[in-house]
Amino acid sequence: MIKSLSTEDTLENSGLSAEEQQLFCNARPKAYEPYPIKAVEDFANWARANSLWILAFGTGCGAIELRPLMTARFDANRFGVAGRPTPRQSSVFVIGGYASVKTLKRIIRSYEQMQGPKFVICLGICPVNGGMYFDSYNTINQFDLYLPVDLYITGCMPRPEVLVAGIMELQKKIKQGRCDGANRYVENFDWYKANQKKVIKNWDMPDYNW
Amino acid sequence: MSLIADTPISLIVLCSGLALVLIGLWGMLTQRNMIRMIVGFSLTDTGVHMVMVSIGYVTGGTAPIINDAVPIAEAASRVVDPVPSALVLTAIVIGLGVTAVMLSVAIRIYKARRTLMIDECTESKW
Amino acid sequence: MIKRLFILMMLAVMAVIFLNLAGNYRENTELSRLGHYYAENGPQELGAPNLVTAVVVTYRGLDTLGEVTVLFISAAGVGLLLRRTRRKQDDEDLEQGDRAEETAGVHKPASEIVETATELLLPMVILFGIYVFLNGHLSPGGGFQGGAIIASGTMFLLLALPESHISRLMIAVIESLSGFSYVVVGVLGVLLAGGFLDNRIIDPGTYGALFSAGAIPLIYVFVGLKVGFELSAVLDRFRKEDTGPL
Amino acid sequence: MVAAFFTDVMLQPLGIYVLALGAGFLVPLFDRAHRGSAMLVFMGSLAGMVAIAALNLYAIINGAAVIDIETAGIAPPFAINLRFGLFEGGVVLAVNIAALLGAWHYLPSLKQHASALLLYLILVMGINGMVMTRDLFNLFIFIEITSIATYALIGMERTGTVLAAGFKYIIATSVATAFFLLGTIFIYYQVGTLNIDDIISHGALIHGPIGLIATLFVLTSLLIELKPYPANGWGLDVYETANSGIASLISVGVSAGVFFALFKLLPLMDAYLDSIAVVAGATFLLSNIIGLKQHNAKRLLGYSSIGQMGLLTLALVLLEQLDAGAQIALVVGGLFVNHLLAKAGLFWLAGIVDRTNIKDWASIARRPELLILLGLMFAALIGLPPFPGFWAKWELVMLLGSADQYGWILLVLLGSLLEAAYLFRWFSHARKRDDELTEHVCSFWQPAPVAIAAALLVAIGFGMAGTMDLDVPAMFLPLLAGFGLWLIDGLPARVKQLAMLLAVAAGGYWLTQELTGINQLFSYLLVAGGLLISIATIYRNDVRNGFYPLLAVLLLSLAALLRASTTLEFFFSWELMTLSSYLLITLARAGIKPALAYLLFSLGSAYFIFAGFAAAFASTGSILLADLGNVSSPGLVFSLLAAGFVIKMGGFGVHIWLPDAYAEADDDFTAMLSAVVSKAGIFGLVIIAAQLGIRSDIGLDPAYVLGWIGILTATFGALMAVFQEDIKRLVAYSSMGQLGYIVTGVALMSHLGWVSALYLTVNHFLFKGILFLSIAGIVLRTNERLMYKMGGLIKNMPVTFVFTMIAIIAMSGVPPLTGFGGKWMLFNALMEKGWYWIAALAFFSSAVAFLYMFRLLQTVFLGQRKLEHAKLREAPAILLVPQVVMIAAIMAISAYPKLLLDPLSAAINPWIANTLVWDGFALQTHYGYWNAPLIMAIVGGVWMVPLIILLLVSLTMKIQKVEQFNIVYAAERPHRPEDTHFAYNFFAHYDRAIGFLVRPRATAFWNAVIEWSHTLGSSLRVFYNGNGQTYALFILMYFVAMVLFNGGLGS
Amino acid sequence: MIAEWTGKIANFALTLLIVTAYGLFMTAFIERIIAKVQGRIGIPYWQPVINILKNFFKRTAVSHGYMFYLGPVFRIAGGIGTLAFIPVIYGSETFSNFSMAGDLFLVIYFMFFGQLGMALGAGESGHPYSAIGIARGLSQMTAYEVPFALAVISIVIQYDTLSITEIVAAQQGGWQNWTVFTNWVATLAAMLAFLGMTGYSPFDIFLAPQEIPIGPPTEFHSAYLSFMSLNRALFGATKLVLFMNLFFGGATGLIELMIKTWLIYMVAIVVGVAFPRFRVDQAIRFFFKIPTLIGIMSIVYAQMMLTS
């Protein structure tokens, strides 16, 4: 609860003016350990897997496939999947296809505002290698350079059925305790951040969006 | 003729005085020139004096000077009332004083304004 | 026009009121209580044959003192109002033309007839005035009347000799001293006789004589002088609109 | 001989004449000899006249016989005589003093011309003569002497405007005197005498049309000289244009003489008393209405002067009609002296300040001594304590009340209110610090005559207090303390604060130590509470000229109010409180305008109370508060008094003064106003409810209306608070709303209702004290009052936040804090009484209250902090200290309400049988029960348990404390706190839904009233077209109307 | 003494558990019903519990300040406290809670406790949407309180008491004694107010799940959100219990309680799925019209009952 004051724990936030720096938290994110008791951790993972709240942020064309997920035909509610409009409460971030540089900035911000454990699913071929936009000047070709990805669902576009399959796959992975993207991100924070800043030229956010 | 002859002398004076008062008032109310208004005032004043004198008259009375003509014994029955005469004397002088001051004010107004019209001196109002 | 009509209406109502007064007026057939008392007791009490004078000077002496005061203050007032503007700030309310006119002060000389008549009549007029106020307690007349006659003499003088100079100092001294003396006589009434302005501070003397009726002639002298000089002063001021130091 | 000269002449009243005339005649000679000697003679004679009058009056007061001066050594009817009795002596002395002081003021102008000196001297003598003479014709002479001297002095300045006004004056007065002469001679014709006493004793001889017309001539002439509406334009022009020295003498001296002449002749006017009363009353009222439109300082004084003369005449005539001759000295004399000194002082002041338009009087804003004098004069004119006018008006209204002359009471009070409106508007202009205006410069001695007049006013007021049925030491203690503190006002702030606190503590203790019952309860609240809040004033250490003395006056007058045992004492303290709180509000930078509204509404409230007391006095003949209960028409009295108190509390419809006054007053003083001063109204309400309302068989209907007024106040106060952007206005409206509940509680006239009302009162004191002191801290730190310009202050001022939050919970009525108990008892009492609709509205308004309460916390303390507020510090400790005490009290009462309820109940028990039933800790009513300690424990428990759980869970998480911009913002980042702080027009949707309810209708209404009275004023003054002939015509019409009205054309 | 109070506290803990569980169950149950209406299967019955657990199992969180931290505590304290003052089952010592501390009036006022604390917590988050949501929610609250207060006054007149226990007691002895039958006007007014109170469509704008991401709780997450979800279930159930006690004869057993509250809840659900959303000013105006009128009629009705 108490903000650490040691300098290595703070971020530079060089994208912000001096005045703005006091308005944003400059703490460096920290990784979390699993619960010391294995059973508790397993139970927690079970609960997390069965309550996947997807951030309602359609980042690309694939977002159109998210909508049918809630309809009578697919009814993702059965698996504990629900949409949340705020990243604070969400645990799953579905990257809906290609991510432009401009969107990437928002994606990073939203991702960082989600509370761990948090999971990222990449939808479609574009986040893998750029897909049909492989040579576009403003599309991210390889998404996992920028954020840790837990699951790829390829296709152009993958249908909702595949999405459901992917979600069940994610649940499995979570229950196995293998979805530690949030920790990976924190541990390799400087690397990720450098990659992000390489493509995002107008970095006017704090380095970590608490 | 007989009507006037039968009318008591003092009543005639009284009526003339009252008429003079009215005329004076008319002058004060309608004449815009201040000097004329002062004349009106003088007329009113004079009218009032006439009224005063008329009040003092006693039928068949004579001047209230007790000398050979009017012995002291007969004084009470033969003279007119000396009081209104005394009052009128005072009132005349006072009227004179007022008129003098009025005139000097009018002169000063003329000096300051180059006009004697009362309705051009209305700057303080409401 | 409406205003005029309104004035007429008002005056008509006033006329009705006055008619009401006149209609109810009955000429007195006998003296009023006051008049009766004065006619009966006046000569004995005060020794003045002229009842009007007795009333004016003694019974209603306070009135007369007031009257003198009125005249005094109106003379002073006229002087105050018509004083010559000396100071700058006073000048500011006068327009340019005024000042030119005021400073010029040119008076037309009177005709020879007037001048001659004045030279002839002036002493007589003043003498007559003195006579009138000295005999005020005996015959019709008195201080005021006499003073007025004296002032008319001044009028003559001013008409005939517009440039003639009347001494301010003399006027001031005479009117102040006569006024003050009047007050002193009045106070003496308290100290020596029955009350303020009681004329019996001096022995009444022979009834009907010139030097009789107590202080009445004395008072009339003061009054006459005062009235004469004050009226003269007023006339003079109207002539010149210049008072100098009063 | 010389000794006799002194004893028989100079020391007698006659000496006045001799001195004036002698000196007057000689002044020109002295002047020629030596200018200085003339001035010496002049001032010496005036001083001598004062001395003669004083000596003789002193003798008469000490039992000497009335002095009758006979002239000519002949007995009265046959020679003129003068009289110097008690009344004559008083008037002569007063006029001579005014003349002497006026001469001091006027001397720079007068001394330039010797004739001016003598004219002034003789003018004063003329007035003396008018007063003393007993002869009708002699009266005429003196009137003329006065008039001519006046004409000349008016014309002395010789500018066109003055001369024109002078000419109109001459025309008008000469017509009037011509009438007088006509009347005199016809009276002589009928009675055969000129002696006034003789005429009066032979009054029967004046008969028939001649008698009537003659009397009316005399009467009209005197009335005209007193400048009745509408035949008074000439007087106004002179007041406006003439030199202040002569204007003051006309206003007070000449008018006094004429007035006294009228007084002397009044026995002749028995048949016309009604006409005179109507004329005088109309003049008083209409002059004051027209005064509202006037901005020329001296003309305004003219209107006031004319109005005052109207009031004097009215009072005289009414007393004459009521056969209350014994009170003439007190009432008419008091009003007369009051008018004389105050109006003369004001004219002199106007001469010193020399600004034509009252808006330019801001030039004296930095001259406290002039301001104080101006304020004192105004207060005296309006009849505020302790000036003579206060006592006179009190006696007058009481007398009128006892004669059931409510119409006249209404007229007198309405006129006074109007007069207060324009006079204090003027004062407001003078207080306004306008840097553009050049400061006024005058020598130290120039205002001395005004100061002497003011001192005399105070002294006479004090003297008059001694003759009234009044506990003088107690009632004057506040003034004394204020005066003492004012003397040390130059010392450093800390010393003044300490002195003030000590004075209030000692004085308050002395005043309230013997109180019992409800008064004692309120003494804790008002005196101890007031002291507590005044501790907070220490947070400012700037000079604050006048603040501490006035605060002491205010608090001690509250204590005196509690101590009052008679209606007079009550009213005295009430007015003192009003005046001091008004002045305290004007001390704030922008407080001047709202203070005016505050004052006017407060005076309106006071006048309602006044009328109520008069009605009570009429019915019981006693001014004891304890006898209020015996009145025969409790409904009327209760309604009048309740109306007064409700206005003072800012009741529904008459609240418009409240938000502005609260908002613009100094921040610490707002706390005082809301937490303490407003309680005075509640105290009054409780007192009258106890005395009158308890007789519910008759008092029910007014009480029910009062209940509705209270709840409407609560509802609309809450609704209006919702839409405020200004933090102080918000809390001000809230204050109004909360007082509404209390009014309803009192109106219930049941034990539970009163307990709830008093409980709410205590609670209101506590939470409003906290809130306003918190706000004082916030405003001090942020320099802002608009809430949307704040935000996020919780980080800087956490303690203030917590205190505010507790206060707000206590206010909202959410259990477990104190507010709930009050609401619960009120609701129960309402249900027991069967006032269901009021209960429903109470419920609604307390729900609405949540909106503004949350808004206050949200927009000020929560949300986004502005960049410029990043470095703010916590509020100063001295502001927090009283809050801590009050928080402790709130907590204690919340946990154990019996602590408060027992004394409340005990205080009420003498009036209504106790209905509080205690079952252990639980209070039971017919409907329900309330176990406050248990609730406190449960709430504490259910709050602690989740907190502990959350703390435990927090151990398993990494919780990062973040900054204000670390919010979810639709994947964007906020850029400026201003954009991100949702605060402005917070309840826009609510406004859209029911905002139509709170459109400022009351404000519109009162604005319409102001507009309307101004329009009325302008239409009433069309007669004053500046044309001398029109004025003369009005005089004529006036006479004609008098004749027609009295049937003069009957035959 | 101590034993007595320990017992009471234990009883209350039991009640709390049951009511919370029931509230969570009902949340899921209603969700499933809605899903059925839409042709879906819907969430599992334990989904609300899982959600709450998941949020407790979050490993990171942010805090905007102490008020933010305390907001959920206030919120749930409000819920628990409200329940504490309501007797849940008539005639049962175990389920009478702490209703001896205060009456109906206390309950109504204590409902604000949680809202106020929550509002303050949300306010400190600094998020404009929180403030907007609260502004709307509070405004709507003042509006639906009016018919509710009128209805409450009506039944207080009718039963001449403010004690919930006594109100329930007066309704015993058969369905015909229930307020809904004896004073249907008041019940109607109260049920209309209930629609606003539950925050379902058409009166759900203050939550506005789409346009202003979920209103006041926008910034709340992790354990804070768990607390709030718990409270939502608990408080919802508590309100149902209150309405059941006031208008529907109370309950003498748990089964009766469940059936009655479920039915009452269904009213809100049916209306909610059938109607679109009001803007907040429309909602306020709505409550000030028909429901208030009915409320006024209910008092008149009660007074008539009293006199006849």
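I began with Asn783(D), which sits in the loop between helix 30 (751-782) and helix 31 of chain D. The model is a predicted one. I looked up the backbone of Asn783(D) and found a positive phi of about 60°, although the residue is not a glycine. I then asked whether Asn783(D) is buried or exposed. Asn783(D) counts as exposed, because 9 C-beta neighbours lie inside 10 Å and the cut-off for exposed is 12 or fewer.

I turned to Asn13(A) next. Asn13(A) also is not a glycine and has a positive phi, of about 55°. I placed Asn13(A) in the segment before helix 1 (18-21) of chain A. Asn13(A) is partly exposed, because 18 other C-beta atoms lie within 10 Å, and 20 or more would be needed for buried. I noted both residues because most residues other than glycine have a negative phi.

Cis peptide bonds came next. I found one from Tyr229(D) to Pro230(D), with omega near -5°. Pro230(D) lies in the loop between helix 9 (208-225) and helix 10 (233-241) of chain D. In chain E, I found a cis peptide bond joining Ser201(E) and Pro202(E), with omega about 5°. Pro202(E) belongs to the loop between helix 8 (184-198) and helix 9 (222-247) of chain E.

I stayed in chain D for a helix pair. The axes of helix 4 (residues 86-110) and helix 5 (residues 114-132) of chain D come within 10 Å and cross at roughly 170°. Helix 4 of chain D is therefore roughly antiparallel to helix 5 of chain D, as the angle is over 145 degrees. I logged the crossing of helix 4 of chain D past helix 5 of chain D as right-handed. Among the helix 4 residues that meet helix 5 of chain D, I listed Glu88(D), Val91(D), Asn96(D) and Leu110(D). The helix 5 residues in this contact include Ala116(D), Tyr120(D), Asn128(D) and Met132(D). By class, I recorded 13 nonpolar, 2 polar and 1 charged residues in the contact of helix 4 with helix 5 of chain D.

Then I went through the chain contacts. Which chains share the most contacts of the 6 pairs of chains in contact? Chains D and E do. I noted 63 residues of chain D in contact with 68 residues of chain E. On the chain D side, the elements that each supply at least two residues include helix 31 (798-812), helix 36 (932-955) and strand 6 (958-961). Helix 33 of chain D gives the largest share of that side, 12 residues. I sorted the side of chain D that touches chain E into 44 nonpolar, 14 polar and 5 charged residues.

I also checked the strands across this pair of chains. Strand 6 of chain D runs parallel to strand 1 (residues 60-63) of chain E, and 4 bridges join them. Ile959(D) has Ala61(E) of strand 1 of chain E as its bridge partner.

For chains B and C, I noted 42 residues from chain B and 48 residues from chain C in the contact. Helix 2 (9-30), helix 4 (72-78) and helix 5 (82-113) of chain B each supply at least two residues of the chain B side. Helix 5 of chain B gives the most to that side, with 17 residues. By class, I counted 30 nonpolar, 8 polar and 4 charged residues on the side of chain B that touches chain C.

Last, I looked up chain A. Chain A does not touch chain B, and their nearest C-alpha atoms are 62 Å apart. Chain A and chain C do not touch either, with nearest C-alpha atoms 66 Å apart.

Definitions and conventions
Residues are numbered from 1 along each chain as its sequence is written. Chains are lettered from A and ligands numbered from 1 in the order in which they are written. This is a predicted model: local features need pLDDT of at least 70, side-chain atom pairs count only at pLDDT 80 or more; totals for chains, interfaces and linings use all residues. Two residues are in contact if their C-beta atoms, placed from the backbone, lie within 7 Å. Ala, Val, Leu, Ile, Met, Phe, Trp, Tyr, Cys and Pro count as nonpolar, Asp, Glu, Lys and Arg as charged, and the others, Gly among them, as polar. Two strands pair if DSSP finds at least two bridges between them. Axes are lines fitted to C-alpha atoms, for helices over the stretch in contact, and angles run from 0 to 180 degrees between N-to-C directions. Angles under 35 degrees count as roughly parallel, over 145 as roughly antiparallel, 65 to 115 as roughly perpendicular and the rest as oblique. A crossing is left-handed if the near helix is turned anticlockwise from the far one by less than a right angle, and right-handed if clockwise.
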